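Please walk through the structure below, starting with its aromatic rings and ending with its pocket.

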Amino acid sequence: MSWKIVPEPRRLVRLLVGLALFGVSLGLLVRAELGLPSWDVLHQGLADRTGAPLGLIVTLTAGLVLLAWVPLRERPGVGTVCNVLLVGLAAEAALELLPGPEQLALRWAFLLLGVVTAAVGTGLYVGAGLGAGPRDGLMTGLAGRGLSIRRARAVIELSVLALGWLLGGTVGVGTVLYALAIGPLVQIALARLSFRPAAPPARPGGPLGVTGAGEPR
């Protein structure tokens with residue numbers, strides 16, 4: 001995406017709402033305490049080790065990953081920068097507002113709601129078409145150096161998960177559920193929530209029911 005192009009307001013709204021929902025989904029998954037996605041296992045492990053707020057760790061990690069784009073020659077967009085700045089803030093706000101449920105049924109409800117919210121948020125911000133997130137850009141950058149997308153994604157996810165687990169991040173049934181469910185759910189969300197520009201109005205005399213003489217068919 002060119003930096004000279006000002007995003008359409010509707011695209012920008014979808015992007016911002018999607019990123020906010022994605023941050024809220026992280027708060028829900030953390031409060032569920034049933035296991036986190038691989039990157040969030042790393043975020044939680046770093047937060048526990050350093051004592052820094054989780055939202056700050058999310059933002060700093062995204063910034064570091066974005067630096068890795070430089071040797072990979074990936075180009076950020078407006079959505080990339082917004083991703084770095086907003087997801088961590090939304091996650092931290094969600095953690096401040098959400099209780100930590102003790103009942104197992106409520107923890108499962110938080111987990112399932114977190115997975116669905118992550119999918120909807122992803123559908124909105126990816127479907128806005130304003131730039132890849134830092135982690136997705138890392139994947140595509142590695143793929144551009146000869147790895148397949150599948151292998152690049154697997155290498156990144158497994159490496160991050162292992163490091164996060166060693167740092168004390170929460171790995172559990174939620175980690176597996178997220179890994180299995182997020183792909184299909186995002187596919188559905190993208191199909192329904194991706195931005196589609198409105199079709200231009202038909203011209204008189206065009207193919208939409210008007211003859212060359214200007215009389216309706």
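How many aromatic pairs does the count come to? In this predicted model, the count comes to 1 aromatic pair. A pair of aromatic rings is described by the distance of the centres and the angle of the planes. Here the partners are Phe22 and Tyr125, with ring centres 5.9 Å apart. Their planes meet at 85°, and an angle over 60 degrees counts as edge-to-face, so the pair is classed that way. Phe22 belongs to helix H1 and Tyr125 to helix H6, so the contact joins distant parts of the chain, with the two positions 103 residues apart in sequence. Tyr125 has a relative accessibility of 9%, and because buried means under 20%, Tyr125 counts as buried.

The setting of this pair is helical. The protein has 9 helices and 0 strands, so that the order of elements from the N terminus reads α-α-α-α-α-α-α-α-α. Of its 217 residues, 40% count as buried.

Helix H6 can be checked for its length. With 24 residues at 1.5 Å a residue, H6 should span 34 Å, and the C-alpha atoms at its ends are 34 Å apart, in agreement with that value. Just after H6 comes Gly129, which has a positive phi of about 65°. On the other side, the loop between H5 and H6 holds Glu102. Is Glu102 buried or exposed? Its relative accessibility is 74%, and because exposed means over 50%, Glu102 counts as exposed. Glu102 and Arg31 are separated by 71 residues in sequence, while their C-alpha atoms are 9.6 Å apart.

The remaining topic is the empty space. Rolling a probe the size of a water molecule over the atoms shows where empty space is left. The largest pocket holds about 860 Å³. Its lining is made up of 34 residues, and those closest to the pocket centre are Trp39, Arg153, Glu157, Tyr178 and Ile182. Two or more lining residues come from each of helices H1, H2, H5, H6, H7, H8 and H9. H9 gives the largest share, with 7 residues. By residue type, the lining divides into 21 nonpolar, 8 polar and 5 charged residues.

Trp39, one of the residues closest to the pocket centre, also has a charged partner. Which residue lies over the face of Trp39? That residue is Arg135, at 5.1 Å from the ring centre.

Methods: Residues are numbered from 1 along each chain as its sequence is written. This is a predicted model: local features need pLDDT of at least 70, side-chain atom pairs count only at pLDDT 80 or more; totals for chains, interfaces and linings use all residues. Side-chain values use heavy atoms; hydrogens and water are left out. On a 1 Å grid over the protein atoms alone, a cavity is a set of points where a 1.4 Å probe fits but cannot get out, and a pocket is an open set with protein on both sides within 12 Å along at least five of seven lines; lining residues have an atom within 4 Å of a point. Grid points are joined across faces, edges and corners, and a volume is the space filled by probe spheres set on the points. Helices (H or I, at least four residues) and strands (E, at least two) are DSSP runs, numbered from the N terminus. Ala, Val, Leu, Ile, Met, Phe, Trp, Tyr, Cys and Pro count as nonpolar, Asp, Glu, Lys and Arg as charged, and the others, Gly among them, as polar. The expected span of a helix is 1.5 Å times one less than its number of residues. Rings of Phe, Tyr and Trp (its six-membered ring) pair if their centres lie within 6.5 Å; planes under 30 degrees apart count as stacked, over 60 as edge-to-face and the rest as tilted. Buried means under 20% relative accessible area, exposed over 50%, partly exposed in between (1.4 Å probe, protein chains only). A charge sits over a ring if NZ of Lys or CZ of Arg is within 6 Å of the ring centre and within 35 degrees of the ring normal.
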